[in-house]
Amino acid sequence: MLPYFLRRLLLVGLLLAGPCLSVRAIPVSDPVPLQKASPYAQYSRQLREKGLHETPGGRAWLRAGANALLDSVTVPVPFKETGHYAAKQATAQSYRFRLPAGGRVLISVLGKTKGAAPCFADVFELSGGDPGPVAYLGAGKSQLKLPAEAGKTYLLRLQPKLGYAGNYTVSITQLPAFTFPVKGKDARAIGSYWGVSRDGGKRKHEGIDIFARRGTPVVSATDGVVSNVGKTRLGGKVVWVINKNLQAVYYAHLDKQLVKTGQLVKAGQVLGTVGNTGNAKTTPAHLHFGVYRGWGGAVNPLPYVKKAVKPAPAVVVALQRLGTRGRIIAKKAVLRVSPSAKSPARREMPAATVLTLTAGTGSWYRAQLPDGTAGYVQAPLIEPLTRSLRSTTVKSSQALLAEPQPEATAIARLKAGTTVKVLGRFDAFLLVQNPAGQKGWMVRPENQYLSAAE
Ligand SMILES: [Zn+2]
């Protein structure tokens, strides 16, 4: 089968090398209009034209967008997360995800306005070098279909306009890459799977069998070009279609062949009808469906045509806590790269570490440390900052700082002898509340250890 297919592929290659036709010219169903500036690029340009890139807000917005491309969490597919945007903070978040074979992606971003995403959504591909833009959400849209390629890693960046406040819910769903090849049927009609032994164990089944009444239309699973319409001993009446990713899709045991070699076809277009020609003479009518990946031979076609049944876990964290700060209640907790206990650690956090809860997925919070490091923490490990852990006396006069870093803006002055309430910690700083009720950071007195148990 394969040498024959390779011969056909070579022939088609020669055909396609003609002056007016090339493999790349095959129309795809979801064109990504990258030649047009994305809404994100247009908005950035407007900011610059208005001179806003020189204001602190504009600068922070541009920086947040650029930083999101450098650093991101890694999420599984399917994935669903609800997050919060605060008006006074320029934030952008990014998610890395990888697709298994046979998948394509549907990204949806919902906010308070029906039908329109509350933020810009841009997708980049991360194979090697710099992130390369591959797709974006159109203005006023909330869903984006990404013709993703298996094995590649993508990065989704979400960023709202300056000053936007509100919640958003993002979901990344895997869809089958191909159209189901038998009209009116779905995966329930598959009667024989990949890898099953054939001819008394001499060979393995290099495809799936989809059972349907003789004469049921067989439709093309992809856009592509018909590379062969022929007759073989095993396959009977067969049709081969090559798509733009150079995958060869094989349809066998047809009753009728209704296309010609060299014909361009769209996904869903009729190629022939279900039958039992070739070595299926003694079995009920069915379509043998196979996918051959470039020169690498047959692959399991099932994920290309079968919907993944597993939905993304529901968001069960307390949404009213999004946008607020919390602190670690366990002796030690781990900030992770992905919302999974098996995922690598990004940072170990001692008890009372303060973090801002930016989003929730399943029973995990996505949280950000005061230094900007973001990751996932299991929700039960975080408590709100409602009560103080203890009180402490300021030993030497110092500033109450807006951030836990020495050069941060001073909110107030803490005189020596002042008693402050301790709410949490980060590195060498304590988050405290002064007698006037102002919250800020002070340098942690040496030899003073803080634990939630105190
Ligand atoms: Zn078969």
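The buried residues of helix α2 pack against three elements in this predicted model: α3 (56-70), β5 (120-125) and β6 (132-136). The helix itself covers residues 39-49, and the residues in question are Pro39, Tyr40, Ser44 and Leu47. They sit on the same side of α2, because the arc they cover around the axis is only 135°. That fits the usual helix arithmetic: an α-helix has 3.6 residues a turn, so residues three or four places apart point the same way. Turn to the other side of α2 and the picture flips, with Arg45, Gln46 and Glu49 exposed. Just after the helix comes glycine 51, whose phi is positive, at about 75°.

Strand β2 (residues 79-85) is next. It is largely enclosed by the rest of the structure, since five of its seven residues are buried. Two partners of β2 stand out here. With strand β9 (residues 166-176), β2 runs antiparallel and is joined by seven bridges; in this pairing histidine 84 faces asparagine 167 of β9. With strand β25 (residues 354-361), β2 also pairs in the antiparallel sense, this time over two bridges, and here threonine 82 is set opposite glycine 360.

Further along the chain, glycine 326 belongs to strand β22, which takes in residues 325-328. Glycine 326 counts as buried because it has 22 C-beta neighbours inside 10 Å, where 20 would do. Beyond four places in sequence, its contacts are Arg321, Leu355, Leu357, Ile382, Glu383, Pro384 and Leu385. Take leucine 355 as an example: it lies 29 residues from glycine 326 in sequence, yet the C-alpha to C-alpha separation is 5.5 Å.

Zooming out, the protein has 34 strands and four helices. Buried residues make up 39% of its 454 residues. Long-range links are plentiful in the contact list: among contacts between residues at least 6 apart in sequence, 66% join residues at least 24 apart.

As for confidence, the mean pLDDT is 87, and 89% of residues reach 70 or more. The two stretches to watch are residues 1-34, where pLDDT stays under 50 and the model has 35 contacts beyond four places in sequence, and residues 447-454, where pLDDT is below 50 and the model has 14 contacts beyond near neighbours in sequence. Where pLDDT is low, the predicted coordinates should not be read in detail.

Note on methods
Residues are numbered from 1 along each chain as its sequence is written. This is a predicted model: local features need pLDDT of at least 70, side-chain atom pairs count only at pLDDT 80 or more; totals for chains, interfaces and linings use all residues. A residue is buried if 20 or more other C-beta atoms lie within 10 Å of its own, exposed if 12 or fewer, and partly exposed in between; C-beta atoms are placed from the backbone. Two residues are in contact if their C-beta atoms, placed from the backbone, lie within 7 Å. Two strands pair if DSSP finds at least two bridges between them. pLDDT is the predictor's confidence in each residue, from 0 to 100. The arc is that of the directions from the helix axis to the C-beta atoms.
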